[in-house]
Amino acid sequence: MQLAVLGGFVVAGMAPLLHHWFGARTPLVMALLPAALALWLLGQWPTIAAGEVLLLEWAWVPGLEITLTFLIDGLAWLFALLITVIGALVLVYSGDYLRGHRDLPRFLVVITAFMMSMLGLVLADNLVTLFVFWELTSITSYLLIGFNHTDLSARKAALQGLIVTVGGGLALIAGFVMLAVAGDSWSLAELTTRGEALRAHALYPPLLICVLVGAFTKSAQFPFHFWLPNAMAAPTPVSAYLHSATMVKAGVYLLARLHPALGGTEVWVVTLSLVGALTMATGAFLAIRHTNIKKLLAYSTVMALGTLTMLLGIGTDGALVAFVVFLLAHSLYKGALFLVAGILDHETGTKDVTAMGGLRHTMPLTAAVALVAGLSLAGLPPLLGFLGKELMFESVLEVDAYRPLILLLAFVAAFLTLAVAAIVALRPFFGASRQTPKVPHEPPWGLLAGPALLATLSLLAGLVPGMLDDLVVATMAAIGAGEASVHLALWHGVNLPLALSLASLLLGGLVFRHWDRLRGRLARLEPIIARGPEAGYEALMRGLVRVAEWQTGMLQNGYIRNYLVMTLLVLLGLVGHALFFRHSLDFALSLDLYFHEAVAAGLMVAGAVAACVMRSRLAAVAALGIMGFSIALTFVLFSAPDLAITQLLVETLTVILLVLVLFRLPRFATLSTPQERLRDLVVATLVGGMVTLLMLSVLGGERLPRISDYMVANSQPLGHGHNIVNVILVDFRALDTLGEMFVLALAAIGVYAMLRFHAGEYDARRPAAPPERDDG
Amino acid sequence: MEPLMAVAIGILFAAAIYMMLRRSIVKLVIGLMLLSNAANLLIFSTAGMVRGAPPLVAQGLTAPEGVVADPLPQALVLTAIVIAFGVLSFAVVLVRRAWEIVRADDLDRMKDTDT
């Protein structure tokens, strides 16, 4: 399985090559991969149904406990099956949808990679592996949303999706690390058995917040819902894939996966059910403002994601049953509807539902598919969507905290969703025919096959819900429900949920009837909606740019001394802090000193200071020479003959070089004001003082064993040399010396080049150079 | 001796940084020289300063008798002295070229690349 997923990335990379071989049939060929994976998964069904968990072990980075182990239980199986089946259908669909598009190979590369990342995400057992796949889905979806990269709004939407989801990803990795620390394991299979300990752990609140932020951003929960509808810039197969099966459900998947480990606490229940319910109502409400069919569907997806989150929050056995059924129902109908939306766009040339009408005459099959899927979205019998909605109402009625509020939000969401379903499934196909940019006709089978299959599945599962019993039980076992036996049935008898359904049917029908007028009214609310979370995002991005400009202007101002001062102050702050607060400043000073040593040190200091204050260049160079020779003297006095020799040679050469070159240089000029000099003096003194303190504290500290003892002991036996320093240079650390020689050679080449070509030649080669500025 | 050296090295560092903060390009070079010497001394003296025991092995022996000065910092400093000389000569020549072309001694007037 791991090989299949990793191989999938290779196949993705080979898409252009395959396209070269198979031409327009490439998508069909590539669809074989997810189809085969789906068949393999179906083959595992008996094992999964028996309640077993498949663990496919694969070590990756054993030292860090990172494994590529795949964990296949009911939940992972369900998601993986959805991903592969809808993936295969979407690939087939894209073959016709993007027929002849010049970037078809690129699309195939990205979507296949996306599919494999998603598969890896839902199958991964290891937190790190899961996170890697999680981020891969963010990146590939960025590429998919921005597929039409010449379109500014597509690029913007892609970036927005990326920033929101990756921002959440940052929180998620922090949450994962805390989770691993608290649960003492990186394996999901183990973590889910340690729920008690995790919930009692001190890290539980922060880790929950981090994980929730990650999941909420990915699954477009309020207030992060805005990126998802904007992602509509993507080509339709992508929209279908992004929404129905996968990416946005990744967050929901994660919440479901971690439900046994983290769920059930009060904060979990309240946060998830409230955020979920709020997202439901917001999504449904924002949906009916739009006439763009893809936006309508996108907002209704936000609503569905909210529902799923809410059900996980409620977390009773009934709610978990509702979760699984709703998840499945939504994947089936939403996939079908998005593909239908693509067909409409493809055939009519418009995405505006108000511009379409009467299409049932020209596209009867599409109309039938849309109707079935729309009924499921509306939650009407006998479709799976109805079952999902009934179960949802039932679980909402079981809620303890904030029941009236949540019930109200769920009800609002339900009737508005019904209106959305009617708008999407009825509006384009019924009523008077309208003129559309293209003359519509029934789409080719490649476009129709996918939605038709998905819609049929919705209908079938709705009619015979009993066939889902085992699947629901197996999935619930993974989410952490007890041993429950589930018997799904379409008809639950006359009860409160049914009454709610009827009421929502009535209200929803009303909204649909007066939709055009209602939209006009809602337009007045636009200014308020425009101040929503998306405005916050925009303001944040603008602020980011401004801060970046400000700090670049401040830090990168081109003055070398500002860089120096900044660096030195940071150094002072950090080292000074460590010195004063981590170490106490107590020095065991013993000053044993001979007079001649003190003289050498004094000369050294005097030379350095004189080099700073001399007004004449020659005097400064002479002062530097004095300092250099005193240093050599110090080396002689303290057992470093080699250093002394080198220092003497280098010092002599330096003085010669300076004398030769310096007199071609300008005289010293006083360029700074006394205030500037004082400031520099303060900085310099502080750094100098810090170095002194640092050295004193090093001297007073504990001596570690010398690493050179080995070199001292082995210089003669191994290196056959009596001068240990030399043996180190040419033998023990010979590579360093080689590097040093390279540096010197490079410096020599540079010096030669610069001395060789004089300014005159330089100007002669640039005859068009502007006249030299008069620098006075 | 080490505490005295610590003070001396501190003064050297201060002098180096003061010179490097000057706008005059020649003073920057002088600051560079002071800085490399100060750093060399710092490495050398923090390793402990030992009188009259150079890290040499007498003829006929396989290891020095008694404690000798730590040879590793000496090797490091030796490399550093030579490298510092390379850097210095490059910097000096670079400054000279810059002066020839730009005719500006003031670093503030050199901050634009299109001078």
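Hi everyone, let me start with one residue: Ser715(A) is buried, its relative accessible area being 0%. Please keep in mind that what we have here is a predicted model.

Where does Ser715(A) sit? Its place is helix H32 of chain A, which covers residues 709–719. Leaving out residues up to four places away in sequence, Ser715(A) touches His720(A), Gly721(A), Ile724(A), Val727(A) and Phe732(A). One of those partners, His720(A), follows H32(A) and has a positive phi, near 55°.

Ser715(A) has company in being buried: the buried residues of H32(A) also include Met711(A), Val712(A), Asn714(A) and Gln716(A). And what do they pack against? In chain A it is helix H33 (724–732), and in chain B it is helix H3 (71–102).

That brings me to the interface. The contact between the two chains involves 98 residues from chain A and 87 residues from chain B. Phe638(A), Met695(A) and Met754(A) supply 8% of the area that chain A buries against chain B, more than any other three residues. For the two chains together, the buried area comes to about 8,800 Å², and carbon and sulfur atoms give 74% of that.

Now for the polar side of things. How many salt bridges does the rule find across the interface of chain A and chain B? There are 2. In one case Arg22(B) pairs with Asp680(A), with the closest N and O atoms 2.8 Å apart. Between chain A and chain B, 11 residue pairs are in polar contact, counting pairs where both residues have pLDDT 80 or more. On the side of chain A that touches chain B, helix H31 (residues 674–700) gives the most, with 15 residues. Sorted by type, that side of chain A has 65 nonpolar, 18 polar and 15 charged residues.

Let me take you to another spot in chain A, Ile66(A). This residue belongs to strand S3, residues 66–67 of chain A. Is Ile66(A) buried or exposed? It counts as buried because its relative accessible area is 12%, under the 20% cut-off. Setting aside neighbours within four places in sequence, Ile66(A) is in contact with Trp60(A), Val61(A), Asn126(A), Val128(A) and Thr129(A). Take Thr129(A): it is 63 residues from Ile66(A) along the chain, and their C-alpha atoms are separated by 7.0 Å.

Before you load this into anything, a word on confidence. The model scores ipTM 0.93 and pTM 0.73. Chain A has an average pLDDT of 83, and 95% of its residues score at least 70. For chain B the mean is 85, with 96% of residues reaching 70 or more.

Which elements of chain A mark the two ends of the scale? Helix H29 (residues 617–637) has the highest mean pLDDT, 91, and helix H35 (residues 759–765) the lowest, 51. In chain B, helix H1 (residues 2–20) is the highest element at 91, while H3(B) is the lowest at 88. That is the H3(B) we met earlier, packing against the buried residues of H32(A).

One stretch to flag: over residues 765–776 of chain A, pLDDT stays under 50, and the model has 10 contacts there beyond four places in sequence. Where pLDDT is low, the predicted coordinates should not be read in detail.

That's my tour, and thanks for listening!

Methods: Residues numbered from 1 in each chain as written. Chains lettered and ligands numbered in written order. Predicted model: local features only at pLDDT ≥ 70, side-chain atom pairs only at ≥ 80, totals over all residues. Heavy atoms only, no water. Helix = DSSP H or I, 4+ residues; strand = E, 2+ residues; numbered from the N terminus. Buried < 20%, exposed > 50% of the residue type's maximum accessible area, 1.4 Å probe, protein only. Contact = heavy atoms within 4.5 Å. Buried area = accessible area lost by both parts, 1.4 Å probe. Salt bridge = Lys/Arg side-chain N within 4 Å of Asp/Glu carboxyl O. Polar contact = N/O pair within 3.5 Å; in protein donor to acceptor, adjacent residues only side chain to side chain. Nonpolar A, V, L, I, M, F, W, Y, C, P; charged D, E, K, R; others polar. pLDDT = per-residue confidence, 0-100.
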